Amino acid sequence: MNETLKTIAERYSCRDFADTPLSEDLVKALAGAALAAPSGMNRQPWHVVAITDKRLIDELDAEGMRVLAASDKAGYERIASRGGKLFYNAPCMIMVAAESPGSAMDCGILSENVALAAHSLGLGSVICGMAGVPLSGPRGDELKKRMKFPDGYVFGVAILVGTAKSGKAPHEPDWTKVTYIP
């Protein structure tokens, strides 16, 4: 199996990060992987925000939990029962701002690039839609401004990255989801 297919097969969603910060070189490599993503007509309808300020990530986490507590009791309870952290103590968040909600596919492709790059660099990652929760609450505009979202951009997706505290097996492929037509 070649290295790319091996990386794809071995990657898993990490939800248990060590406190170890990422080096500037690693963050730059992840941002480069994001920017290398293809997009429809090469429009690149995104803006990538690489956040390594742990205080800001923790503030986003706490705000997300407040928003969930007020709006989604079941979601809040589920996360609270797993330790109460939306972002699993990740030391780095690659936040992707999108030109419009219609940019979802392109932002999804970008997020997979970052997740695979992280795994290839020996890091854990998880693609995180929950990072949009704090931006949907009363402090959303303030937080977008602090993260330097371009005017008019919306939450696209986020990828949490860091050193995994523990490993996990990747999910088993479900081959019943494939149909071959010769």
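**Surface charge, burial and backbone in a predicted model**

Tutor: In this predicted model, Arg15, Arg78, Arg82 and Lys168 form a positive surface patch.

Student: What makes the patch formed by Arg15, Arg78, Arg82 and Lys168 a positive one?

Tutor: Lys and Arg count as positive, and the patch consists of Arg15, Arg78, Arg82 and Lys168; it is therefore called positive.

Student: Where is Arg15 found, and why is Arg15 called partly exposed?

Tutor: Arg15 is located in the loop between helix H1 (3–10) and helix H2 (24–35). Its relative accessibility is 43%. Partly exposed covers values between the buried limit of under 20% and the exposed limit of over 50%, so Arg15 counts as partly exposed.

Student: Ser13 is found in the loop between H1 and H2. Why does Ser13 count as partly exposed?

Tutor: Buried means under 20%. Ser13 has 21% relative accessibility and therefore counts as partly exposed.

Student: Which residues is Ser13 in contact with, leaving aside its neighbours within four places in sequence?

Tutor: With those neighbours set aside, Ser13 contacts Ser125, Val126 and Lys168. Ser13 and Ser23, ten residues apart in sequence, have C-alpha atoms 21 Å apart in space.

Student: How do you know that Ser111, in helix H5 (residues 104–120), is buried?

Tutor: The relative accessible area of Ser111 is 3%. The term buried requires under 20%, so Ser111 is buried. Apart from its neighbours within four places in sequence, Ser111 is in contact with Ile127, Val157 and Ile159.

Student: Why is Arg55 called exposed?

Tutor: Exposed means over 50%. Arg55 has 68% relative accessibility and therefore counts as exposed. Arg55 belongs to helix H3 (residues 54–71). Its C-alpha atom is separated by 9.7 Å from that of Pro91, 36 residues apart along the chain.

Student: What makes the phi of Asn89 notable?

Tutor: Most residues other than glycine have a negative phi. Asn89 is not a glycine, yet its phi is positive, about 70 degrees. The residue sits in the loop between helix H4 (73–81) and strand E2 (92–98). At 23% relative accessibility, Asn89 counts as partly exposed.

Student: What is the phi of Lys148, and why is Lys148 called exposed?

Tutor: The phi of Lys148 is near 60 degrees, a positive value in a residue other than glycine. Lys148 lies in the loop between helix H6 (140–146) and strand E4 (154–162). Its relative accessible area is 63%; exposed means over 50%, so Lys148 is exposed.

Conventions
Residues are numbered from 1 along each chain as its sequence is written. This is a predicted model: local features need pLDDT of at least 70, side-chain atom pairs count only at pLDDT 80 or more; totals for chains, interfaces and linings use all residues. Side-chain values use heavy atoms; hydrogens and water are left out. Patches are made of residues with over 30% relative accessible area and no salt bridge: like charges are joined within 9 Å, nonpolar side chains (Val, Leu, Ile, Met, Phe, Trp, Tyr) within 5 Å. Accessible areas come from the Shrake-Rupley method with a 1.4 Å probe; for residues, only the protein chains shown count as cover. A salt bridge is a side-chain nitrogen of Lys or Arg within 4 Å of a carboxyl oxygen of Asp or Glu. The place of a charge is taken as NZ of Lys, CZ of Arg, CG of Asp or CD of Glu. Helices (H or I, at least four residues) and strands (E, at least two) are DSSP runs, numbered from the N terminus. Buried means under 20% relative accessible area, exposed over 50%, partly exposed in between (1.4 Å probe, protein chains only). Contact means heavy atoms within 4.5 Å.
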